[in-house]
Amino acid sequence: MSTMSSELPGYVASAQPVPSTNRIAWYKSTAQTYAGIMLWFVFWQDIPIWQSLNPATAGDFSRYAGGTLSQGLGWAFLGLVAAALLCHFFYYLVPGLMGLKTGLPLYIVGTSTYGVLGGFLLPGFLMGLLQFGWLGVNAFFSSLLLVVPFGIEPLSTPHVVVAAVWAIAAAFLGLKGIKYVAAVATFLPLIPLAILIILFLATVSGLGSFDAATTTVATAQVPIAEKGNLSAFEPLSKWGVVSAMLIYVIGFFATAGAAGADFGMGNRDRRDVQLGGLVGIALATIFAGGLSLLIVAGAWGMGKVPAAEPALRATALMDNIMGGTVSSIFMYLLAIAAFPPACFSAFIAANSFKTTLPKVNPFISVGLGTLFSIILAASGKAGNAAGVFNIIGASFGPICGAMVADYLLAGNKWPGPRAGFNPAGWISWLVGFTVGAFSMIGGSIPVLEAWKDVVPVPPLSAFVVGFLIYWLLARIGLTTRVLAMPAVAEQPAA
């Protein structure tokens, strides 16, 4: 039974759906925005590496001999395509449809899964908090591209200073000048798009000569004189390659998937939601990640990779492929194209904190978050992109899973806001997060260390566990009551 809307907290009661007259086509909003995310160089440059041999300095060598190319291009592409489709259908589609059918953002539609009080924290506050992790990753890698042409080493004082300035500038514009950044953000994704195509055309002739076995042997040991030879782990198996691709891509995308509600609320119909995701998420992921794999394979096939530096990172090979001058220009262009996403991360965080911490000056909350981002970058933690993606996947995998279960149980619609803290949502998140982060939890507890790798594809497992537990708990009635929200009833059926 529904209660009166007067029981709704102010932030829910005051929410107004986006009217039908203000909805726009998928190719004017969803597709281009998501494509810009997937074209971010931090995402595609490590597709062939997965986990770096030296994450603290964003090393260009894979922790596993041959990286994700150890079993050839076919298995790498299989994992990439599977990951891209899962991101669309599992993580984005239902939040997008919820946004479409209600005209409301994630902060509001999430209250059906976690309650109107719990929604402050999940997904609200958590979404904002994780944005500072993204800001730290962005600052680390973007500043690295800016200083590398000058021979400056990762985590040196100049690198840390540039990273700090980058994070502060992005946070300031995110708070005060996001409309100016947004004006050019639509066009900046064309920069990495053009660079990927140029690098592909420059290396395509080497694809026929690429040999996965040769590359795997060559990358098994990295001859770095000042540190002694660094040995990589055994090469990934075929399933290991597919699993690695799923972990990396899904972990990277998880928060953006839940934010599908914010894009869906501006779409006109179900077709817009579907096409926006298929083109902007699935196709863009396959395009950017696939070209990265082909560029690295082509460079190895052409003999463009010196034995002294058997790199697998696409951006690290630009010097060998294009020459020093062009490579430096490309690095600066990629860094420039990465600045708007850094501003948007700060903008999302600011909106989250304004909602969840309304009495705190956003300059203080965002300032503290930016300090956290700088510490992440200066410590080298932000250089471990795969590790950051694992945390994000563990955090938002069960959120997306529970939202899907909530939507299906309600008959393919948004159930409406629930009172207080919804137990089904919170229990499903706690268990799902534990499953998704078990490798990190097990690695820090000696008695569990032998079992730390027992969970297959942690971000996907977190989604499945979040879905199943929410479904079971909701079926036995472990949900709080639904509160009436008349504004949603006025929305046309989607």
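In which helix is the place of Leu246? Leu246 sits in helix H12, and the views below, all taken from a predicted model, begin with this residue.

**View 1. Surroundings of Leu246 in helix H12.** Leu246 has a relative accessibility of 6% and therefore counts as buried, the cut-off being under 20%. Its contacts, leaving aside neighbours within four places in sequence, are Gly79, Ala82, Ala83, Leu86, Gly251 and Val457. The C-alpha atom of Leu246 is separated by 8.5 Å from that of Ala84, and these two residues are 162 residues apart along the chain.

**View 2. Packing of helix H12 against helix H21.** The axes of H12 and H21 are 7 Å apart and form an angle of about 65 degrees. From H12, Ile247, Ile250 and Gly251 take part; they meet Pro458, Pro459 and Leu460 of H21. Five residues of this contact are nonpolar, one is polar and none is charged.

**View 3. Val457 in the loop between helices H20 and H21.** Helix H20 covers residues 438-444 and helix H21 covers residues 458-475, with Val457 placed in the loop between them. The phi angle of Val457 is positive, near 40 degrees, in a residue other than glycine. Val457 counts as buried because its relative accessibility, 5%, falls under 20%. Leu246 of View 1 is in contact with Val457.

**View 4. Buried residues of helix H2.** Helix H2 spans residues 30-38, and its buried residues are Thr30, Ala31, Tyr34, Ala35, Gly36 and Met38. These residues pack against several helices: H3 (41-44), H4, H12 (238-258), H13 (260-264) and H14.

**View 5. Crossing of helices H4 and H18.** H4 comprises residues 73-102 and H18 residues 385-409; the two pack at an angle of about 50 degrees, and their axes are 9 Å apart. That angle makes H4 oblique to H18. The crossing of H4 past H18 is left-handed. On the H4 side the contact involves Phe90, Tyr91, Val94, Pro95, Leu97, Met98 and Lys101, and on the H18 side Gly397, Cys400, Met403, Val404 and Tyr407. Sorted by class, the contact of H4 with H18 holds 10 nonpolar residues, one polar and one charged.

**View 6. Asn412 in the loop after helix H18.** Asn412 is placed between H18 and helix H19 (423-436). Although Asn412 is not a glycine, its phi is positive, at about 60 degrees. With a relative accessibility of 38%, Asn412 counts as partly exposed.

**View 7. Crossing of helices H7 and H17.** H17 covers residues 362-379 and packs with H7 at an angle of about 45 degrees, the axes lying 8 Å apart. The two helices are therefore oblique to each other. H7 passes H17 in a right-handed crossing. H7 contributes Phe132, Gly133, Leu135, Gly136 and Phe140 to the contact; H17 contributes Ser365, Val366, Gly369, Thr370, Phe372, Ser373, Leu376 and Ala377. In the contact of H7 with H17, seven residues are nonpolar, six are polar and none is charged.

**View 8. Ser143 in helix H7.** H7 runs over residues 121-147 and includes Ser143. Ser143 is buried, its relative accessible area being 0%. The side chain of Ser143 comes to 2.5 Å from the backbone oxygen of Ala139. Not counting residues up to four places away in sequence, Ser143 touches Asn138, His159, Val162 and Ala163.

**View 9. Cis peptide bond between Leu122 and Pro123.** The bond joining Leu122 and Pro123 is cis, with an omega of about -5 degrees. Pro123 is found in helix H7.

**View 10. Gly303 in the loop between helices H14 and H15.** H14 spans 270-301 and H15 spans 318-322, with Gly303 in the loop between them. The relative accessible area of Gly303 is 58%; Gly303 is therefore exposed, the cut-off being over 50%. Gly303 and Phe210 are 93 residues apart along the chain, and their C-alpha atoms are separated by 9.2 Å.

Key. Residues numbered from 1 in each chain as written. Predicted model: local features only at pLDDT ≥ 70, side-chain atom pairs only at ≥ 80, totals over all residues. Heavy atoms only, no water. Axes fitted to C-alpha atoms, helices over the stretch in contact; angles between N-to-C directions. Helix = DSSP H or I, 4+ residues; strand = E, 2+ residues; numbered from the N terminus. Parallel < 35°, antiparallel > 145°, perpendicular 65-115°, else oblique. Left-handed = near helix turned anticlockwise from the far one by under 90°. Contact = heavy atoms within 4.5 Å. Nonpolar A, V, L, I, M, F, W, Y, C, P; charged D, E, K, R; others polar. Buried < 20%, exposed > 50% of the residue type's maximum accessible area, 1.4 Å probe, protein only. Polar contact = N/O pair within 3.5 Å; in protein donor to acceptor, adjacent residues only side chain to side chain.
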